[in-house]
Amino acid sequence: MPARRLVPPEFFGMMLKPISESSPACTAPLPRQIEVTVEPNFLPERSSVEKREYFWSYTIVITNTGAETVQLRTRHWIITDASGRKQEVRGEGVVGEQPVLAPGERFEYTSGVPLPTASGFMTGRYQMVSESGERFEIDVPTFSLDSPDNKRVLN
């Protein structure tokens, strides 16, 4: 008889949020009822095709939809350019802060990322801690970094 796999209790608390095709933002359900949305924005004024420098800003909104106060402690990003080169970034908090989110609160910030190619993507995670001291991680939805001039090639 095959082994049965139990579904973790947090699975039942996840809520899916539909994404319209017209919206550039990415949303994903995350454990612990922490919702993270990301909206990337290409910045042509900070980019140069001749110098192979492309720059994006991205705005992230973290919302605590749970019943427990949490704090964001660290971040870990994996940034991949169109050539497949990866760069990892780890650090304390985000934009110099380690925000505390009570139930129903949200924290929004904007940061930026340069690439040597006209496209790429980012994925990451935050380490959080609950008011009871339990540490846990939440994934940030993977998001695409595409310049408007970049022509996509599908395999």
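## The position of Q71

In this predicted model, Q71 counts as buried because its relative accessibility is 18%, and the cut-off for a buried residue is under 20%. The residue belongs to strand β4.

Which backbone oxygen does the side chain of Q71 reach? The partner is the backbone oxygen of Q98, at 3.0 Å. When neighbours within four places in sequence are set aside, the contacts of Q71 are Q98, P99, V100, Q127, M128 and V129.

## Overall architecture

The protein contains 1 helix and 9 strands. Along the sequence, the order of these elements is α-β-β-β-β-β-β-β-β-β. Among the contacts with a separation of 6 or more, 60% join residues that are 24 or more positions apart.

The protein has 155 residues, and 39% of them count as buried. Its accessible surface is about 10000 Å², and carbon and sulfur atoms account for 52% of that area.

## Strand β3 and its partners

How many of the residues of β3 are buried? The number is 10 of 11, so that the strand is mostly covered under the cut-off of 20% relative accessible area.

Strand β3 pairs with β2 in an antiparallel arrangement, through 9 bridges. Within this part of the structure, E35 has T63 of β3 as its bridge partner. Strands β3 and β7 also run antiparallel, and they are joined by 10 bridges. T59 provides an example of a residue facing a partner in β7, since T110 stands opposite.

## The nonpolar core

In soluble globular proteins, nonpolar side chains tend to be buried together. In the present model, the largest nonpolar core has 28 residues. The residues with the most contacts inside this core are Y58, I60, I62, W77, Y109 and Y126. Several strands each supply at least two residues of the core: β2 (34–42), β3 (54–64), β4 (70–81), β7 (106–115), β8 (119–130) and β9 (135–146).

Which residues does Y109 touch, if those up to four places away in sequence are not counted? They are Y58, T59, I60, I62, W77, V94, V95 and Y126. The list includes Y58, I60, I62, W77 and Y126, which are also among the core residues with the most contacts.

Technical notes: Residues are numbered from 1 along each chain as its sequence is written. This is a predicted model: local features need pLDDT of at least 70, side-chain atom pairs count only at pLDDT 80 or more; totals for chains, interfaces and linings use all residues. Side-chain values use heavy atoms; hydrogens and water are left out. Helices (H or I, at least four residues) and strands (E, at least two) are DSSP runs, numbered from the N terminus. Buried means under 20% relative accessible area, exposed over 50%, partly exposed in between (1.4 Å probe, protein chains only). Contact means heavy atoms within 4.5 Å. Accessible areas come from the Shrake-Rupley method with a 1.4 Å probe; for residues, only the protein chains shown count as cover. A nonpolar core is a set of buried Ala, Val, Leu, Ile, Met, Phe, Trp, Tyr and Cys residues joined through side-chain atoms within 4.5 Å. A polar contact is a pair of N or O atoms within 3.5 Å; within protein, one must be able to donate a hydrogen and the other to accept it, and residues adjacent in sequence count only if both atoms are side-chain atoms. Two strands pair if DSSP finds at least two bridges between them.
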